[in-house]
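The following exercises are to be worked with the sequence and the coordinates at hand. Each task is followed by a solution in steps.

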Amino acid sequence: MTKVCGLSVCTALFLAAGALAQSAVMPAGVDTVAGSGGYSNFFRSAARSMQIEMDASVVAAAGIQPNTRITGISWRNPSWQVFASWPAVSATFTSYDITMSQSTHSSSEGLSTTYTDNIAPDAVAVRAGPMVLQSGFLPGGALTPNVNPWGGVIQFTTPYVYTGGNLLLTIRHTGAVGSGSGNVEATGNGFTAGTTGIQTQNYTQVDGWTLQGMVNMRFTVEPNTPTCDSADFNCDDDVGTDADIEAFFACLGGTCPAAPCTNSADFNHDGDIGTDADIEAFFRVLGGGAC
Ligand SMILES: [Ca+2]
Ligand SMILES: [Ca+2]
């Protein structure tokens, strides 16, 4: 038997593989319910841009609670008629850019036709740039009332942490090259409440976007479990000693451990540096507690 990793490395690999990853079908209830049609915008062989807005109530119904990390997205081929798996060969995009954010408008208010006006300040460019989809990324062959399997997952390079409110998905792409256009299932009647969308037949156009319907999708999600620095704050391999406490307070005062030690005054990794929450987290971890 070949030993492929030691305990700590195996644990790290296990965690890196997304042990806590789950999926959330959006909107809730469509996992096995065929949609009403399809859109080619998402994988069109020409440039397209889209925004899909989901009200907070719709996001909650899909099981995505505030403080959830969204790490990927997938769609599926429609089944209102039989579609072949796509792409037949491959599909290459010069740029396929996805941004996730809160939405400044709800579905009842409607989105601005200037897409940038809809994006809240918490926006994260979850992926951008070139993308290649391999043959069969969207499996096909099903006919309503059956549904096709969910397609491949587009993994985000930077996760989006949903903190509540109306959710907005913004996609801009330069067009698929290699196998024509792919299709994405449109959400069926009875499942579109609390959603809205807009689109334009362009990669760069900012205003003049027109209405786009909801599509069925599946997000990869995981709890946004807090992580903390180590109680071996000064990285001398002695954990939780007086020297660590002194090093932590020195760091709060502006002098942090030298590289390669990466412990910082943002001990709880929430982006706020040297707050009461960092001090509380430090002493919790020092005492053997959770971050
Ligand atoms: Ca130490
Ligand atoms: Ca902090």
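**Exercise 1.** Determine how far apart the C-alpha centres of domain 1 and domain 2 lie.

*Solution.* The model is a predicted one. Begin with the division of the chain: domain 1 covers 19-223, and domain 2 covers 226-291. Then take the C-alpha centre of each domain; the separation of the two centres is 39 Å.

**Exercise 2.** Establish the strand order of the open sheet that 4 strands form, and state how the strands pair.

*Solution.* The order is 1-14-4-9, with antiparallel pairing. At the edges stand strand 1 (22-26) and strand 9 (154-162), each of which pairs on one side only. Between neighbouring strands of this sheet the average turn is 35 degrees, direction ignored. Next, consider one pair in detail: strand 4 (residues 68-74) and strand 14 (residues 217-223) run antiparallel and are joined by 6 bridges. Within strand 14, glutamate 222 is the residue opposite arginine 69.

**Exercise 3.** Decide whether valine 147 counts as buried or exposed, and identify its contacts beyond four places in sequence.

*Solution.* First locate the residue: valine 147 belongs to the loop between strand 8 (131-134) and strand 9. Count next the C-beta neighbours inside 10 Å; there are 20 of them, and valine 147 therefore counts as buried. The threshold for this class is 20 or more. With neighbours within four places in sequence left aside, the contacts of valine 147 are Thr32, Ala34, Arg76, Ser79 and Ala142. Finally, compute a C-alpha separation: valine 147 and isoleucine 52, 95 residues apart along the chain, lie 22 Å from each other.

Terms used
Residues are numbered from 1 along each chain as its sequence is written. Chains are lettered from A and ligands numbered from 1 in the order in which they are written. This is a predicted model: local features need pLDDT of at least 70, side-chain atom pairs count only at pLDDT 80 or more; totals for chains, interfaces and linings use all residues. Domain bounds come from an automatic or database domain assignment. Two strands pair if DSSP finds at least two bridges between them. Helices (H or I, at least four residues) and strands (E, at least two) are DSSP runs, numbered from the N terminus. Axes are lines fitted to C-alpha atoms, for helices over the stretch in contact, and angles run from 0 to 180 degrees between N-to-C directions. A residue is buried if 20 or more other C-beta atoms lie within 10 Å of its own, exposed if 12 or fewer, and partly exposed in between; C-beta atoms are placed from the backbone. Two residues are in contact if their C-beta atoms, placed from the backbone, lie within 7 Å.
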